[in-house]
Amino acid sequence: MANTPRAGGAGAQRPNGTVQNKVCQFKLVLLGESAVGKSSLVLRFVKGQFHEYQESTIGAAFLTQPLRVEDTAVKFEIWDTAGQERYHSLAPMYYRGAQAAIVVYDIPNQDTFGRAKNWVKELHKQASPPIVIALAGNKADLANKRVVEFEEAQQYADENRLLIMETSAKTMVNDIFLAIAKKLPKSEAKGGAAEEHRVGAVPTQQRASGCCK
């Protein structure tokens, strides 16, 4: 069972006494260098699982996961993109129309932090505004091998208006998804549902629609 964060809060009462909650869905994309742990973060968030050896994503994988923020049920439609350079040209297909992005780096690897900065620049230039961008310093369980100091990442995040959090797919990932969900404008959400939901599939068509109800 996925370890899904839930926050309390009652919705409007229907005449029969049941609670009517607002439901919003948001497209979220994960970006970052290969092997920083993007797929592991998603697997932990969606299924509550961690695999020590995770196969590299080919193209992108699609998963969904709901969580609750006060009286709103937030459904994330998650595109986990491949980090290999040969798939870079496909990235705009996945972050186009996204309301949120998590840019992941590996705290024991300085190069992945530099690559994360490039992804942030690309999102600021090409993603659909306003997009909520979170910077995730992954593999916090390997703090004894840390190369990227949190203070360095924090300063960069502050300068670029990013959410910032250190994560570990072994133990803690829910907080960053919850922080993003709280930041998203529930009353103005736009659809980002993909037609093709198969793992590794390229989205052949995307539709825009109001998704809060």
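In this predicted model, the exposed side of helix H4 carries Glu-151, Asp-158 and Glu-159, and it lies opposite the side on which Ala-153, Tyr-156 and Ala-157 are buried. H4 itself spans residues 150-159. The three buried residues fall on the same side of H4 because they cover an arc of only 100° around the axis. The spacing of such positions follows from helix geometry: an α-helix has 3.6 residues a turn, so residues three or four places apart point the same way. What covers the buried residues of H4 includes strand S6, helix H3, strand S7 and strand S8, the last of these being residues 163-166. After H4 comes Arg-161, whose phi is positive, with a value near 60°.

From the elements that cover H4, the reader may turn to S6, which comprises residues 100-106 and is mostly covered, since 7 of its 7 residues are buried. In a regular strand the side chains alternate between the two faces of the sheet. For S6, one side presents Ala-100, Ile-102, Val-104 and Asp-106, while the other presents Ala-101, Val-103 and Tyr-105, and the residues on both of these faces are all buried.

The strands paired with S6 can be followed next. Strand S3, made up of residues 22-32, runs parallel to S6 and is joined to it by 5 bridges; within this pairing, Val-29 has Ala-101 of S6 as its bridge partner. Strand S7, made up of residues 132-138, also runs parallel to S6, and here 7 bridges join the two strands, with Gly-137 of S7 as the bridge partner of Tyr-105. Between S6 and S7 the chain passes through helix H3, residues 110-126, in a β-α-β crossover that is right-handed. Ala-101 and Tyr-105, the residues of S6 named in these bridges, are both listed on one of its two covered faces.

The aromatic residues offer another way through the fold, as a search of the whole structure finds 7 aromatic pairs. One of them is formed by Phe-62 and Trp-79, whose rings are tilted, at 4.8 Å centre to centre and with 55° between the planes. This pair links distant parts of the chain, for Phe-62 belongs to strand S4 (residues 60-69) and Trp-79 to strand S5 (residues 72-81), and the two residues are 17 residues apart. Both Phe-62 and Trp-79 are buried. Elsewhere among the aromatic residues, ring pairs link Phe-45, Phe-76 and Phe-177 into a cluster.

Note on methods:
Residues numbered from 1 in each chain as written. Predicted model: local features only at pLDDT ≥ 70, side-chain atom pairs only at ≥ 80, totals over all residues. Heavy atoms only, no water. Phe/Tyr/Trp six-rings, centres within 6.5 Å; stacked < 30°, edge-to-face > 60°. Helix = DSSP H or I, 4+ residues; strand = E, 2+ residues; numbered from the N terminus. Buried < 20%, exposed > 50% of the residue type's maximum accessible area, 1.4 Å probe, protein only. Pairing = 2+ DSSP bridges. Right-handed = clockwise from strand over helix to strand, strands pointing away. Arc of directions from axis to C-beta. Contact = heavy atoms within 4.5 Å.
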